[in-house]
Amino acid sequence: MKLEKRPMNNSLISRSTVAGMTAVLLAGVLVSTGTGAEEPGSRPNVVLILTDDLGYGDLSCYGQTRYRTPGIDRLASEGVRATDFYVPVPYCAPSRAALLTGRFPFRNGMTRNPHPGKHDEIGLRPGELTLAEVFKKAGYATSCIGKWHLGHTPQFYPSRQGFDEYYGILYSNDMLPVRIFENHKVVENPVDQNLLTRKYTARAVRFIEKNADAPFFLYLPHAMPHKPRGASEAYYTPDTPDDLYADVIRELDWSVGTVRRSLEQA
(Lines give C-alpha, C1' and ligand atoms only; values in the text may rest on other atoms or scores of the structure.)
Protein backbone atom coordinates (compact mmCIF):
# COMPACT_ATOMS: atom_id res chain seq x y z
CA MET A 1 0.00 0.00 0.00
CA LYS A 2 1.34 3.43 -0.92
CA LEU A 3 0.73 5.47 2.22
CA GLU A 4 0.78 9.23 2.30
CA LYS A 5 3.48 10.66 4.56
CA ARG A 6 3.23 14.39 3.91
CA PRO A 7 1.95 16.63 6.75
CA MET A 8 -1.44 18.31 6.60
CA ASN A 9 -1.41 21.23 4.20
CA ASN A 10 -2.88 24.05 6.26
CA SER A 11 -3.52 26.10 3.12
CA LEU A 12 -6.36 23.70 2.30
CA ILE A 13 -9.72 24.03 3.98
CA SER A 14 -9.68 21.62 6.91
CA ARG A 15 -11.30 18.20 6.64
CA SER A 16 -13.09 16.69 9.64
CA THR A 17 -13.64 12.97 9.28
CA VAL A 18 -16.90 12.68 7.35
CA ALA A 19 -18.10 16.24 7.78
CA GLY A 20 -16.02 16.94 4.69
CA MET A 21 -17.70 14.30 2.53
CA THR A 22 -18.75 15.57 -0.86
CA ALA A 23 -21.95 14.30 -2.44
CA VAL A 24 -22.53 14.76 -6.15
CA LEU A 25 -25.83 14.17 -7.90
CA LEU A 26 -25.50 13.21 -11.55
CA ALA A 27 -28.04 12.88 -14.33
CA GLY A 28 -31.06 14.41 -12.73
CA VAL A 29 -31.22 16.59 -9.64
CA LEU A 30 -35.00 16.32 -9.68
CA VAL A 31 -35.89 13.01 -8.07
CA SER A 32 -39.14 11.37 -9.09
CA THR A 33 -40.72 8.96 -6.63
CA GLY A 34 -42.81 7.43 -9.38
CA THR A 35 -46.47 8.22 -8.95
CA GLY A 36 -47.41 6.26 -12.04
CA ALA A 37 -48.37 9.41 -13.96
CA GLU A 38 -45.07 9.86 -15.77
CA GLU A 39 -44.59 9.05 -19.42
CA PRO A 40 -42.23 6.11 -20.10
CA GLY A 41 -38.64 7.28 -20.01
CA SER A 42 -39.48 10.54 -18.20
CA ARG A 43 -38.10 9.48 -14.84
CA PRO A 44 -34.49 10.60 -14.37
CA ASN A 45 -31.70 8.20 -13.56
CA VAL A 46 -30.00 9.21 -10.31
CA VAL A 47 -26.36 8.69 -9.37
CA LEU A 48 -25.20 9.67 -5.89
CA ILE A 49 -21.41 9.73 -5.50
CA LEU A 50 -19.97 9.98 -2.00
CA THR A 51 -16.28 10.42 -1.20
CA ASP A 52 -14.91 9.61 2.25
CA ASP A 53 -13.00 12.48 3.93
CA LEU A 54 -12.80 14.71 0.86
CA GLY A 55 -12.92 18.41 1.68
CA TYR A 56 -14.19 21.04 -0.74
CA GLY A 57 -10.79 22.72 -0.46
CA ASP A 58 -9.37 19.71 -2.32
CA LEU A 59 -11.21 20.57 -5.55
CA SER A 60 -10.15 23.11 -8.16
CA CYS A 61 -13.73 24.35 -8.57
CA TYR A 62 -13.39 25.62 -4.99
CA GLY A 63 -10.05 27.31 -5.56
CA GLN A 64 -7.54 24.49 -5.08
CA THR A 65 -4.59 25.24 -7.40
CA ARG A 66 -2.02 22.47 -6.89
CA TYR A 67 -3.81 20.07 -9.28
CA ARG A 68 -6.97 20.09 -11.39
CA THR A 69 -10.27 18.22 -11.00
CA PRO A 70 -11.95 18.80 -14.40
CA GLY A 71 -14.57 16.06 -14.06
CA ILE A 72 -16.00 17.48 -10.85
CA ASP A 73 -15.44 21.05 -12.04
CA ARG A 74 -17.73 20.33 -14.99
CA LEU A 75 -20.53 19.32 -12.64
CA ALA A 76 -20.01 22.56 -10.72
CA SER A 77 -20.06 24.70 -13.86
CA GLU A 78 -23.11 23.01 -15.41
CA GLY A 79 -25.06 22.35 -12.23
CA VAL A 80 -24.99 23.58 -8.65
CA ARG A 81 -21.88 24.37 -6.59
CA ALA A 82 -22.83 24.48 -2.92
CA THR A 83 -20.90 26.87 -0.71
CA ASP A 84 -22.49 25.65 2.52
CA PHE A 85 -23.05 21.98 3.31
CA TYR A 86 -23.80 20.35 6.64
CA VAL A 87 -24.03 16.83 7.99
CA PRO A 88 -25.63 15.95 11.34
CA VAL A 89 -22.57 14.12 12.72
CA PRO A 90 -18.84 14.57 11.93
CA TYR A 91 -18.13 10.88 11.41
CA CYS A 92 -18.97 8.04 9.16
CA ALA A 93 -21.89 5.67 9.76
CA PRO A 94 -24.38 8.13 11.29
CA SER A 95 -23.79 10.57 8.42
CA ARG A 96 -24.42 7.84 5.85
CA ALA A 97 -27.57 6.73 7.63
CA ALA A 98 -28.85 10.31 7.67
CA LEU A 99 -28.05 10.73 3.98
CA LEU A 100 -29.98 7.59 2.97
CA THR A 101 -32.93 8.03 5.35
CA GLY A 102 -33.26 11.81 5.71
CA ARG A 103 -33.49 11.30 9.48
CA PHE A 104 -31.23 12.43 12.29
CA PRO A 105 -29.03 9.70 13.85
CA PHE A 106 -30.97 9.69 17.12
CA ARG A 107 -34.11 9.00 15.10
CA ASN A 108 -32.73 6.34 12.73
CA GLY A 109 -30.72 4.62 15.47
CA MET A 110 -27.24 4.92 13.92
CA THR A 111 -25.28 6.92 16.49
CA ARG A 112 -21.84 5.33 16.13
CA ASN A 113 -19.64 3.42 13.71
CA PRO A 114 -19.93 -0.39 13.56
CA HIS A 115 -16.51 -2.08 13.87
CA PRO A 116 -15.92 -5.71 12.81
CA GLY A 117 -12.93 -6.04 15.15
CA LYS A 118 -15.16 -5.38 18.13
CA HIS A 119 -17.77 -7.91 16.99
CA ASP A 120 -20.31 -5.12 16.69
CA GLU A 121 -23.73 -6.21 15.57
CA ILE A 122 -25.19 -2.78 15.10
CA GLY A 123 -26.50 -1.31 11.88
CA LEU A 124 -29.24 0.63 10.19
CA ARG A 125 -32.53 -0.90 11.27
CA PRO A 126 -34.22 -2.80 8.42
CA GLY A 127 -37.43 -0.92 9.19
CA GLU A 128 -35.87 2.43 8.26
CA LEU A 129 -36.99 3.76 4.87
CA THR A 130 -34.05 4.51 2.57
CA LEU A 131 -33.65 6.28 -0.76
CA ALA A 132 -33.06 2.88 -2.36
CA GLU A 133 -36.36 1.54 -1.07
CA VAL A 134 -38.24 4.58 -2.35
CA PHE A 135 -36.65 4.25 -5.79
CA LYS A 136 -37.18 0.49 -5.87
CA LYS A 137 -40.87 0.93 -5.09
CA ALA A 138 -41.04 3.35 -8.01
CA GLY A 139 -39.70 0.69 -10.38
CA TYR A 140 -36.03 1.69 -10.36
CA ALA A 141 -33.10 -0.72 -10.49
CA THR A 142 -30.88 0.00 -7.47
CA SER A 143 -27.21 -0.63 -6.76
CA CYS A 144 -24.74 0.21 -4.00
CA ILE A 145 -21.07 0.07 -5.01
CA GLY A 146 -18.40 0.91 -2.44
CA LYS A 147 -18.28 1.55 1.29
CA TRP A 148 -21.47 0.61 3.16
CA HIS A 149 -20.67 0.94 6.90
CA LEU A 150 -24.27 0.63 8.01
CA GLY A 151 -23.89 -2.84 9.46
CA HIS A 152 -21.67 -5.76 8.43
CA THR A 153 -23.79 -8.68 9.63
CA PRO A 154 -26.41 -10.23 7.30
CA GLN A 155 -29.46 -8.53 8.81
CA PHE A 156 -27.97 -5.14 7.90
CA TYR A 157 -26.65 -5.87 4.39
CA PRO A 158 -27.56 -3.41 1.60
CA SER A 159 -30.02 -5.94 0.20
CA ARG A 160 -32.12 -5.41 3.33
CA GLN A 161 -32.31 -1.68 2.58
CA GLY A 162 -33.63 -1.67 -0.97
CA PHE A 163 -30.52 -2.36 -3.05
CA ASP A 164 -30.82 -5.00 -5.77
CA GLU A 165 -27.06 -5.52 -5.80
CA TYR A 166 -23.97 -4.64 -3.79
CA TYR A 167 -20.23 -4.65 -4.42
CA GLY A 168 -17.67 -3.29 -1.99
CA ILE A 169 -16.30 -3.25 1.55
CA LEU A 170 -18.96 -3.36 4.26
CA TYR A 171 -17.10 -0.94 6.57
CA SER A 172 -14.11 1.42 6.57
CA ASN A 173 -11.04 0.42 4.61
CA ASP A 174 -8.86 0.78 7.74
CA MET A 175 -10.84 -1.88 9.63
CA LEU A 176 -9.78 -5.53 9.49
CA PRO A 177 -10.43 -7.82 7.77
CA VAL A 178 -10.57 -5.79 4.54
CA ARG A 179 -12.69 -7.89 2.22
CA ILE A 180 -14.76 -7.11 -0.88
CA PHE A 181 -18.27 -8.53 -0.89
CA GLU A 182 -20.49 -9.11 -3.89
CA ASN A 183 -24.01 -9.22 -2.54
CA HIS A 184 -23.62 -11.64 0.39
CA LYS A 185 -20.35 -13.38 -0.53
CA VAL A 186 -16.68 -12.52 -0.11
CA VAL A 187 -15.13 -12.27 -3.58
CA GLU A 188 -11.75 -10.72 -2.76
CA ASN A 189 -9.53 -11.32 0.28
CA PRO A 190 -6.98 -9.79 0.69
CA VAL A 191 -7.80 -6.56 -1.14
CA ASP A 192 -5.39 -4.40 -3.14
CA GLN A 193 -6.69 -0.99 -2.08
CA ASN A 194 -4.68 0.76 -4.79
CA LEU A 195 -7.31 -0.59 -7.21
CA LEU A 196 -10.47 0.22 -5.25
CA THR A 197 -11.40 3.41 -7.11
CA ARG A 198 -10.84 1.73 -10.46
CA LYS A 199 -12.84 -1.38 -9.51
CA TYR A 200 -15.75 0.61 -8.13
CA THR A 201 -15.84 2.76 -11.24
CA ALA A 202 -15.84 -0.27 -13.54
CA ARG A 203 -18.75 -1.75 -11.60
CA ALA A 204 -20.65 1.51 -11.81
CA VAL A 205 -20.20 1.66 -15.58
CA ARG A 206 -21.35 -1.95 -15.88
CA PHE A 207 -24.50 -1.19 -13.88
CA ILE A 208 -25.29 1.88 -16.01
CA GLU A 209 -24.84 -0.03 -19.25
CA LYS A 210 -26.95 -2.94 -18.00
CA ASN A 211 -29.83 -0.61 -17.10
CA ALA A 212 -29.58 1.82 -20.01
CA ASP A 213 -33.22 1.27 -20.96
CA ALA A 214 -34.73 1.52 -17.49
CA PRO A 215 -34.67 4.05 -14.62
CA PHE A 216 -31.99 3.37 -12.01
CA PHE A 217 -30.56 4.65 -8.74
CA LEU A 218 -26.81 4.18 -8.27
CA TYR A 219 -25.23 4.90 -4.89
CA LEU A 220 -21.44 5.05 -5.30
CA PRO A 221 -19.72 5.66 -1.93
CA HIS A 222 -15.96 5.60 -2.61
CA ALA A 223 -13.43 4.51 0.00
CA MET A 224 -10.96 7.22 -0.96
CA PRO A 225 -9.45 9.50 0.19
CA HIS A 226 -9.94 7.83 3.59
CA LYS A 227 -6.73 6.29 4.91
CA PRO A 228 -5.04 4.04 3.99
CA ARG A 229 -4.97 5.83 0.64
CA GLY A 230 -4.19 4.13 -2.63
CA ALA A 231 -4.10 5.01 -6.31
CA SER A 232 -3.72 2.79 -9.35
CA GLU A 233 -0.56 2.85 -11.45
CA ALA A 234 -2.30 5.16 -13.92
CA TYR A 235 -2.47 7.92 -11.30
CA TYR A 236 0.28 7.12 -8.80
CA THR A 237 3.26 9.42 -9.35
CA PRO A 238 6.38 7.73 -7.90
CA ASP A 239 8.47 10.83 -8.63
CA THR A 240 6.43 12.64 -5.95
CA PRO A 241 5.75 9.91 -3.36
CA ASP A 242 4.85 12.45 -0.68
CA ASP A 243 1.93 13.70 -2.76
CA LEU A 244 -0.22 10.59 -2.78
CA TYR A 245 -3.24 12.59 -1.67
CA ALA A 246 -3.23 14.52 -4.96
CA ASP A 247 -2.94 11.25 -6.91
CA VAL A 248 -5.96 9.85 -5.09
CA ILE A 249 -8.08 12.95 -5.72
CA ARG A 250 -7.14 13.02 -9.40
CA GLU A 251 -8.23 9.40 -9.75
CA LEU A 252 -11.53 10.13 -8.01
CA ASP A 253 -12.03 12.97 -10.47
CA TRP A 254 -11.32 10.54 -13.32
CA SER A 255 -13.99 8.26 -11.85
CA VAL A 256 -16.58 11.04 -11.84
CA GLY A 257 -15.75 11.86 -15.45
CA THR A 258 -15.95 8.20 -16.45
CA VAL A 259 -19.37 7.76 -14.84
CA ARG A 260 -20.56 10.95 -16.53
CA ARG A 261 -19.43 9.73 -19.96
CA SER A 262 -21.07 6.36 -19.35
CA LEU A 263 -24.37 8.10 -18.61
CA GLU A 264 -24.08 10.20 -21.75
CA GLN A 265 -23.27 7.17 -23.93
CA ALA A 266 -26.12 5.13 -22.47
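Which residues form one aromatic cluster? In this predicted model, the cluster is made up of F135, Y140, W148, F163, F217 and Y219.

Stepping back to the overall fold, the protein has six helices and seven strands. Going along the sequence, these come in the order β-β-α-α-α-α-β-β-β-β-α-β-α. Of the 266 residues, 53% are buried. Among contacts with a separation of 6 or more, 62% link residues that sit 24 or more positions apart. As for the outside, the accessible surface comes to about 12600 Å², and carbon and sulfur atoms hold 53% of that.

Back to the rings. The count comes to ten aromatic pairs. Y56 and Y62 have ring centres 5.2 Å apart and planes at 55°; an angle over 60 degrees would be edge-to-face and one under 30 stacked, so this pair is tilted. Both partners are partly exposed: Y56 has a relative accessible area of 41%, and Y62 comes in at 25%. F207 and F216 are set up otherwise, with centres 5.5 Å apart and planes at 80°, so they count as edge-to-face. Here the two residues are buried, F207 with a relative accessible area of 2% and F216 at 1%.

Arginines turn up over rings as well. R198 places its charged end over the ring of W254, 4.3 Å from the ring centre. R203 does likewise with Y167, its charged end sitting over that ring at 4.0 Å from the centre.

Methods
Residues numbered from 1 in each chain as written. Predicted model: local features only at pLDDT ≥ 70, side-chain atom pairs only at ≥ 80, totals over all residues. Heavy atoms only, no water. Helix = DSSP H or I, 4+ residues; strand = E, 2+ residues; numbered from the N terminus. Buried < 20%, exposed > 50% of the residue type's maximum accessible area, 1.4 Å probe, protein only. Contact = heavy atoms within 4.5 Å. Areas by Shrake-Rupley, 256 points an atom, 1.4 Å probe, with all protein chains shown as cover. Phe/Tyr/Trp six-rings, centres within 6.5 Å; stacked < 30°, edge-to-face > 60°. Lys NZ or Arg CZ within 6 Å of the ring centre and 35° of its normal.
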